[in-house]
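Subject: Structure handover

Hello,

Here is the structure for your files. My notes on it follow below.

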Amino acid sequence: MNERSRADLKASSPVYTRREVLGRGAGVVSLAVIGCAGKLPPAHEVQAEGGEVAIALADAPEMAQPDGVMTVEVAGVKKPVLVVREGESYEALLLKCTHMGCTPGWNAAERSLDCPCHGSRFDAHGAVLKGPAKAPLAKYAVTADGSTLRFRVG
Ligand code: FES
């Protein structure tokens, strides 16, 4: 390459600062991590009358299976809630990572909740499988009467 073509190339090439390069790299890494995270099942939007959430099982066919899960968007609660069934018992987990507050996704293959931000993982009961999170996910006690699931938020 002669001096003229080298000069032409330099003039036509964009110049990035170190910060721009690192910023673009971080964006690519973030997207890669998010792409690997589990997704959440489609959300049911519900109201919380006096803090109590009631979900008719007839409206939640995904809970018919003994290992069913459903996502619930509760009015007034900033993060989604994942209701997890194991046989005849149910738990409702607040999907707010206890590390820095990101929303974990559901990994159906491993029945875990995987946080896309820094890699924390939680089991289907909200217990920490892998840090950096140290505390379990917050959860709400669920009662089931055969036709309705109920839990109280707040
Ligand atoms: S916010 Fe979930 S691992 Fe950091």
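**Confidence first**

Among the elements of the protein chain, strand β8 (residues 121–123) has the highest mean pLDDT, 98, and helix α2 (residues 18–36) the lowest, 40. pLDDT is the predictor's confidence in each residue, on a scale from 0 to 100. Helices (H or I, at least four residues) and strands (E, at least two) are DSSP runs, numbered from the N terminus.

This is a predicted model: local features need pLDDT of at least 70, side-chain atom pairs count only at pLDDT 80 or more, and totals for chains, interfaces and linings use all residues. Residues are numbered from 1 along each chain as its sequence is written, and side-chain values use heavy atoms, with hydrogens and water left out.

The chain averages a pLDDT of 81, and 76% of the residues score at least 70. Residues 4–36 stay under 50 throughout. For that stretch the model has 7 contacts (heavy atoms within 4.5 Å) beyond four places in sequence.

**Overall make-up**

The protein chain has 2 helices and 11 strands. Both helices come before the strands, counting from the N terminus. Of its 154 residues, 34% count as buried. Buried means under 20% relative accessible area, exposed over 50%, and partly exposed in between (1.4 Å probe, protein chains only). Take the contacts between residues at least 6 apart in sequence: 45% join residues at least 24 apart.

**The sheet**

Four strands form an open, antiparallel sheet in the order β6-β7-β8-β9. Two strands pair if DSSP finds at least two bridges between them. The edges are β6 (105–107) and β9 (128–130), each pairing on one side only. Strand β7 (residues 112–114) pairs with β8 over 3 bridges, in the antiparallel sense. Asp 114 stands opposite Arg 121 in β8.

**The cysteines**

How many disulfides are there? The count is 1, taking a disulfide as a pair of cysteine sulfur atoms within 2.5 Å. Cys 102 and Cys 117 form it, with their sulfur atoms 1.9 Å apart. The link is left-handed, at -90° about the S-S bond. It joins distant parts of the chain, 15 residues apart: Cys 102 sits in the loop between β5 (89–94) and β6, Cys 117 in the loop between β7 and β8.

Cys 117 is partly exposed, at 34% relative accessible area. Two other cysteines are buried: Cys 97 at 4% and Cys 115 at 6%.

Best regards
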